[in-house]
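Hi there,

Here is the structure I promised to pass on to you. Have a look at it first, and then read on for what I found in it.

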Amino acid sequence: KARGLADLGNVYDDGALSNRNLLINSAMQVAQRGTSATLTSGNFTLDRFKVQSSLLDNLVGTMTQDSDAPDGFANSLKITTTTVETAIAADEYFYVTQFIEAQNLQRLSFGSSAAKDITVSFWIKSTQTGVFAVSLYTADNAGIANSTYTISSASTWEYKTITFTGDTARAINNDNGLGMYVNFHLAAGTNFNSDPTDEAFEAYSDAKWAGGHVQNGVITTASATWQITGIQLEAGDTATPFEHRSYSDELARCQRYFQKQISTSSETSLSFCRGQGFASGSAYVYFEHPVEMRTKPSLSSSIASVGNLGALAANGGGMGISALTTVSAWSSVYTTVISLTVSSGTFTAGQATELDAGGNSGAFLSFDAEL
């Protein structure tokens, strides 16, 4: 109890008893894009987490939401290798990362004499044992810190904590841009792996990116797996118990960066948004975002995968949709204005319209404002 009270006091001194975790969706609850994706660089599966790689020749595998998790958690992020990368060349790397918005990092006071230490804690499991690396990179002024952790027992959940020294030399801008990468390295060639920084921030160089990383076996071993959950990044030198948040809270945080509406087999007439006709073959509709997005988002839809996205309902008449484009000048972080082009049917300018799923399961609109 005395130790617990001391840790609580440390947390209070560092300025947070709630909202401690600087990461989003790190209990791996939210998967708006779906529960599985290929290991292609830049791909997301679970919201806010993506894979990044460079120059890999052969790797095939998946990143999935998995129900295998330690006590107190329901999900983990799981990497599974199907086709191996036969060797890791000097200029190759692979890692899982989350990007943090800069204005959410101001409590760290980086770039000043008051810079706070920062602690990352997480649950990890892999078929491969050995030394893996974690690195933090501050994007505004190119600071890098890295450290290692060891997986001791194959296919066993283990808890790890690492504390990084606060960076007094490099500030993080107070804006909605990219503030920090939090990287979990699964492979690193010698160009990125020869200069450990020992938990202290330094000026970036390639050699420090994953300095000290040893274990490349996850992507060079067939059927190898690597899983992680319960990641907490917090100010201070103390790893506190994981800050569990409700699904609705995590979803809203994720929706600042990505939002998706999709029809299911029981919702094939799902209404996405409404507006009015502009001419006989076009209209404008208005999608109200459930939360303020980080910046004006880009639009994607299911037109390519299910044909006409749906139907434009005009006084009860269905119309096919052949194209959707964002009208940026009329859009904002709160509302996206979408121009429709119809492939069949006509309507009168000013007539009320509705964009819907048109009888399709899997019809979707998505809005991307990721860092």
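**Strands and their partners**

Strand β6 and strand β9 (residues 158-164) run antiparallel and are joined by seven bridges. Please keep in mind as you look around that this is a predicted model.

To see how this pairing works at the level of single residues, find Ile118: its bridge partner in β9 is Phe164. Strand β6 also pairs with strand β12 (residues 225-235), again in an antiparallel way, through eight bridges. Here you can pick out Val120, whose bridge partner in β12 is Leu233.

Is β6 mostly covered or mostly open? Strand β6, which spans residues 118-126, is mostly covered, with eight of its nine residues buried.

Now move along the chain to another part of the model. There you will find an open sheet of five strands, paired antiparallel, in the order β17-β18-β15-β14-β19. Which strands stand at the edges of this sheet? They are β17 (320-326) and β19 (352-356), and because each has a single partner strand, one side of each is left without a neighbour in the sheet. On average, neighbouring strands of this sheet are turned by 35° against each other, if you ignore direction.

Let's finish with the edge strand β17. Six bridges connect β17 with strand β18 (residues 335-344), and the two run antiparallel. A good pair to look up is Thr326 and Ile338, the latter being the bridge partner in β18.

Enjoy exploring, and write back with any questions!

Best wishes

How values were computed. Residues are numbered from 1 along each chain as its sequence is written. This is a predicted model: local features need pLDDT of at least 70, side-chain atom pairs count only at pLDDT 80 or more; totals for chains, interfaces and linings use all residues. Side-chain values use heavy atoms; hydrogens and water are left out. Buried means under 20% relative accessible area, exposed over 50%, partly exposed in between (1.4 Å probe, protein chains only). Helices (H or I, at least four residues) and strands (E, at least two) are DSSP runs, numbered from the N terminus. Two strands pair if DSSP finds at least two bridges between them. Axes are lines fitted to C-alpha atoms, for helices over the stretch in contact, and angles run from 0 to 180 degrees between N-to-C directions.
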